[in-house]
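Colleague: I should like to learn how to read the features of a structural model. May we work through one together?

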Amino acid sequence: MASMSPPIHDLRQHDETATHFYLDVRCLICRFLGFIFGTETFGNHQQQQFPRKPENMERQSSFSRDLGHAAAETYLITRLTFTLLRYLGVGYRWYTRLVALACYALLLMPGFLQVAYCYFFSSQVRRSIVYGDQPRNRLDLYLPINTNGPKPVVVFVTGGAWIIGYKAWGSLLGLQLAERDIIVACVDYRNFPQGTISDMVKDVSQGVSFVCNLIDRFGGDPNRIYLMGQSAGAHISACVLLEQAIKESRGESTTWSVSQIKAYFGLSGGYNLFNLVDHFHNRGLYRSIFLSIMEGEGSFEQFSPEVRIKDPRNREAASLLPPIKLFHGTSDYSIPSDARLECVLT
């Protein structure tokens, strides 16, 4: 029987890579400890001591010495980073993508800074209004300058893979719509691991309730409220809308009504968890996190609006839903376009 063990030269190459990586890490740790304790030691060998230079010569060369030291440490850390990535199996394709992403972010930085300045200093933005008792139960309001008459309202739920969602991600949309006499409420909600999908749905529902009941205090028209979500926010807001319709069809007591929502807009959302988990089948780590976020496969049906709406028991709830418009780019690979809701909701 042929042996299944790897060739000897491959094992040697792997051992050499691991050895070099270990020595580099050991060297960096020794340098760091030497910097902290004031002893530039490397392993068990101490640097050779030389006669002290005159004080004026030390001051003249201090800047160049510090600069050279910083450059050497930067080079070492960079080399260690690439060694670690290579050791973990990350190829050069990811390196080029990382560089491209950094360049792209650098080009967008002027626009981001302008939006950030408006977000923190504009009088049109009311930040972090409390709508519930949880730490992330906050929302931002973007108010038009013109205060003549009640304004239409958009409740926007931002995306972020259910992990990094934040209300400030909607600042550009909020500022743009506020210039067009539309009030925008960007709702924040608990992210994983602070909460799971049921917590996110509960938070967003509370945020929508706050807007429906109190937006008139900020110049909004409670009879012209539109719900919008993007990516993970589209999925969460769709769950909120359908869950509210089901409660109303069963005669349960609620703090807001689906009839107050004039339309729903879903941007690049995924509404069928069974399809999404198949899409993540080759992403082992994120697939495990995704299952934790969605509280296991046993909850997929409950948090899959596309599946729930096809249940004959929810036919009356479907009749209560407002007009629904879905938008999705065909080149979207994070959530494929075929994961969007079919015409059963339109």
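Modeller: The discussion below goes from the overall fold to a surface patch and then to salt bridges. Please keep in mind that this is a predicted model.

Colleague: What does the secondary structure of the protein come to?

Modeller: The protein has 10 helices and nine strands. Of its 346 residues, 38% count as buried. Among contacts with a separation of 6 or more, 71% join residues 24 or more positions apart. The accessible surface comes to about 20900 Å², and carbon and sulfur atoms contribute 59% of that area.

Colleague: Which residues make the nonpolar surface patch of about 610 Å²?

Modeller: Leu101, Tyr104, Leu108, Met109, Phe112 and Leu113 make that patch. Take Leu113 as an example: this residue lies in helix 3, which covers residues 92-121. Leu113 has a relative accessible area of 53% and is therefore exposed, since the cut-off for that word is over 50%.

Colleague: Which residues does the "transmembrane region" annotation cover?

Modeller: According to UniProt, in an unreviewed entry, the annotation covers residues 94-120. In the model, this span is 100% helix and 0% strand, and its end C-alpha atoms lie 35 Å apart.

Colleague: Let us turn to charged side chains. How many salt bridges does a search of the whole structure find?

Modeller: The search finds nine. One of them pairs Lys151 with Asp181, with 3.7 Å between the closest N and O atoms. This pair links distant parts of the chain, 30 residues apart: Lys151 belongs to strand 5 (residues 151-157), whereas Asp181 sits in the loop between helix 4 (171-178) and strand 6 (183-187).

Colleague: Are Lys151 and Asp181 buried or exposed?

Modeller: Buried means under 20% relative accessible area. Lys151, at 6%, is therefore buried, while Asp181, at 27%, counts as partly exposed.

Colleague: Which residues are linked in a network of salt bridges?

Modeller: Arg190, Asp199 and Asp203 are linked in such a network. Arg190 meets Asp203 at 2.8 Å, N to O. Asp203 lies in helix 5 (residues 197-214) and Arg190 in the loop between strand 6 and helix 5, so their salt bridge ties together parts 13 residues apart in sequence. Arg190 also meets Asp199, at 3.9 Å from N to O.

Colleague: How is each member of this network classed by accessibility?

Modeller: Arg190 and Asp203 are both buried, the relative accessibility of Arg190 being 9%. Asp199, with a relative accessible area of 22%, is partly exposed.

Notes: Residues numbered from 1 in each chain as written. Predicted model: local features only at pLDDT ≥ 70, side-chain atom pairs only at ≥ 80, totals over all residues. Heavy atoms only, no water. Patch = residues over 30% accessible without salt bridge, like charges linked within 9 Å, V, L, I, M, F, W, Y side chains within 5 Å. Areas by Shrake-Rupley, 256 points an atom, 1.4 Å probe, with all protein chains shown as cover. Salt bridge = Lys/Arg side-chain N within 4 Å of Asp/Glu carboxyl O. Helix = DSSP H or I, 4+ residues; strand = E, 2+ residues; numbered from the N terminus. Buried < 20%, exposed > 50% of the residue type's maximum accessible area, 1.4 Å probe, protein only. UniProt positions renumbered as here; feature names shortened; annotations may be inferred. Contact = heavy atoms within 4.5 Å.
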